[in-house]
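Visitor: I would like a walk through the cavities, pockets and salt bridges of this structure. Where shall we begin?

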Amino acid sequence: MYSPQFTTAPSPDNTAAIDVIIAGCGPTGAMLAAELRLHGVRVLVLEKESEPVSYVRIVGLHIRSIELLAMRGLLERIRAHGRQRPAGGFFAAINKPAPQGLDSAHAYLLGIPQRVIVRLLEEHAVELGARVRHGCALAGFAQDDEGVTVELADGEQLRTRYLVGCDGARSAVRKLLGVGFPGEPSRTETLMGEMEVGVPQEEIAAKVAEVGQTEKRFWLRPVGERAYSVVVPAAGIGDRTVPPTLEEFRRQLRAIAGTDFGVHSPRWLSRFGDATRLAERYRVGRVLLAGDAAHIHPPTGGQGLNLGVQDAFNLGWKLAGQVRGWAPETLLDTYHAERHPVAAEVLDNTRAQMELHSPEPGPQALRRLLTELMDFDEVNRHLIEKITAIGIRYDFGEGPDLLGRRLPDMDVKHGRLYNLMHHGRGLLLDRTERLTVGGWSDRVDHLADPTTALDVPSVLLRPDGHVAWTGDDQRDLNAHLTRWFGNPAN
């Protein structure tokens, strides 16, 4: 495996050969590693699996995640391996198209095999200088005032300044850290897989339309030549560590649809429940949690992978600032303050969606009512902005509505806004042409452009693309630069 040598100079007050160890090299861990490397942080990623997963599950990248990939210059590389489809039909699978004029240059869903997105993000992190060790499981750790000592399953010990658990729903880091994971256990279980079928497409479509009137956790959708994605309710709650059998699929298909469609030759088979849990804390000292290690919920709406990748974008530059020595004292704590409420909202909307999937008369009546309400543009827009995360507004205090929101991609003097953010730095968009980033120029870029299509004189963008300040007063700008990017360099 390619393992580049670090060439970055040691960070200030360094006490370890590694600045950050990340447990887990899924999409969240790989994205976080890349974000840290943009700032010269020395990163080691530990992945307990020796080989990539064998199945070809398709995952969907929502609008905000697509924007973030564009912000780092990754979108074209990843889009080449995916398939675009129109946005819409996300909330509880209610078949409504997206409202007109969504405020994004990337108002679509990008479907891509999960193992492909993991591979591409890992390759990106390695190209930036991250090290990844496969077949290395974290067995324990102990933290002190200076760093964290990590023990691997084979007894090897490593020293790092920070540890981030991106190691999934059964996170060893979270369990060892003793962070509570309250919520609800699974009440229902669903089988999902990809396989070939033995009946004509017309027969499948007719039966899916018939059963789908009352059973919303059921579908067969073509995913390639002869192959179908199959989703069907399970008979009960099984062991999620044990994949279902093809015979179990056949039995449940016959129970729900009256036919097993002649399914055969499975590519992969899995089961998922509707457990919903949220970590009580995202940070304890020098140990942090992100992705499924911090939150789990049913996959309805397709938000899970997206939520984790967005965690990584929020955390990366903040943790890098802490490592490099310029972060304000409270900056790292804003990771929990901002992302924990976002995850709580996602858990709530998935709870609501799961209720609307129930075949019981009450939930079906609510589903019919909501289907009518979604004909109103405001309702449809609100729900799709919630699912795709473009409606997020972080609480930065009092200010205009734009404060705390993400800024969409737009034309600027030198091309496109997101093309200026590939390096993960802050950015001042200055329409006044008289502001400066002064002693913060090592962390924040400055573009004087009076033609930028903004309704405010100037905006300060954080590295994750959220608006940290608007205005035209240099002293006020300096205060906000200090708030987010620390003291100016001498």
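Guide: A cavity here is a set of grid points where a 1.4 Å probe fits but cannot get out. A volume is the space filled by probe spheres set on such points. The model is predicted.

Visitor: What volume does the second largest cavity have?
Guide: The structure holds three cavities of 30 Å³ or more. The second largest cavity comes to about 70 Å³.

Visitor: Which class is most of the lining of the second largest cavity?
Guide: Residues that line this cavity include Phe-90, Phe-91, Ile-94, Met-374 and Leu-383. Polar residues number three, and charged residues one. The remaining class has seven residues: nonpolar.

Visitor: Is Phe-91 buried or exposed?
Guide: Phe-91 sits in the loop between β4 (83-86) and β5. Its relative accessible area is 8%. Buried means under 20%, so Phe-91 is buried.

Visitor: How far apart are the C-alpha atoms of Phe-91 and Asn-349?
Guide: Along the chain, Phe-91 and Asn-349 are 258 residues apart. In space, their C-alpha atoms are separated by 8.6 Å.

Visitor: And how far apart in space are Ile-112 and Asn-419, C-alpha to C-alpha?
Guide: Ile-112 belongs to strand β5 (residues 108-113). It counts as buried because its relative accessibility is 0%. Ile-112 and Asn-419 are 307 residues apart in sequence, and their C-alpha distance is 23 Å.

Visitor: Which element gives the largest share of the lining of the largest cavity?
Guide: The largest cavity has a volume of about 90 Å³. Its lining includes Arg-64, Gln-310, Phe-313, Asn-314 and Arg-339. Two elements give two or more residues to that lining, α2 and α8. The largest share, three residues, comes from α8.

Visitor: How many charged residues are in the lining of the largest cavity?
Guide: Arg-64, Arg-339, Arg-406 and Asp-464 are among the lining residues. Five lining residues are nonpolar and three are polar. The charged residues number four.

Visitor: With which residue does Glu-67 form a salt bridge?
Guide: Side chains of opposite charge can pair when their charged atoms come close. For Glu-67, the closest N and O atoms of the pair are 2.8 Å apart. Both partners lie in helix α2 (residues 63-71), three residues apart, about one turn of the helix. Both are buried, and the partner of Glu-67 is Arg-64.

Visitor: Which helices hold Arg-339 and Asp-311?
Guide: The side chains of Arg-339 and Asp-311 meet in a salt bridge, at 2.8 Å from N to O. The pair links distant parts of the chain, 28 residues apart, with Arg-339 in helix α9 and Asp-311 in helix α8.

Visitor: What is the relative accessible area of Asp-311?
Guide: Its partner Arg-339 counts as buried because its relative accessibility is 1%. Asp-311 is also buried. The relative accessible area of Asp-311 is 0%.

Visitor: Is Arg-416 buried or partly exposed?
Guide: Arg-416 forms a salt bridge with Asp-409, the closest N and O atoms being 3.6 Å apart. Asp-409 counts as buried because its relative accessibility is 15%. Arg-416 has a relative accessible area of 26%. Buried requires under 20% and exposed over 50%, so Arg-416 is partly exposed.

Visitor: How many salt bridges does the structure hold?
Guide: Some are joined up: Arg-77, Arg-119, Glu-123 and Glu-127 are linked in a network of salt bridges. The structure's total is 36.

Visitor: Which helix gives the most to the lining of the second largest pocket?
Guide: About 440 Å³ of space lies in this pocket. Of its 24 lining residues, the closest to the centre are Val-342, Glu-345, Gly-391, Ile-392 and Arg-393. Helices α8 (304-324), α9 (333-357) and α11 (377-388) each supply at least two lining residues. The most, eight residues, comes from α9.

Visitor: How many residues in the lining of the second largest pocket are charged?
Guide: Nine lining residues are nonpolar, and nine are polar. The charged residues number six.

Visitor: What area does the nonpolar patch with Leu-369 have?
Guide: Leu-369 lies in helix α10 (residues 361-373). It counts as partly exposed because its relative accessibility is 43%. Leu-366, Leu-373 and Phe-376 join Leu-369 in making the surface patch. Its area is about 380 Å².

Terms used: Residues numbered from 1 in each chain as written. Predicted model: local features only at pLDDT ≥ 70, side-chain atom pairs only at ≥ 80, totals over all residues. Heavy atoms only, no water. 1 Å grid on protein atoms, 1.4 Å probe; cavity = no way out; pocket = protein on both sides within 12 Å on 5 of 7 lines; lining within 4 Å. Helix = DSSP H or I, 4+ residues; strand = E, 2+ residues; numbered from the N terminus. Nonpolar A, V, L, I, M, F, W, Y, C, P; charged D, E, K, R; others polar. Patch = residues over 30% accessible without salt bridge, like charges linked within 9 Å, V, L, I, M, F, W, Y side chains within 5 Å. Areas by Shrake-Rupley, 256 points an atom, 1.4 Å probe, with all protein chains shown as cover. Salt bridge = Lys/Arg side-chain N within 4 Å of Asp/Glu carboxyl O. Buried < 20%, exposed > 50% of the residue type's maximum accessible area, 1.4 Å probe, protein only.
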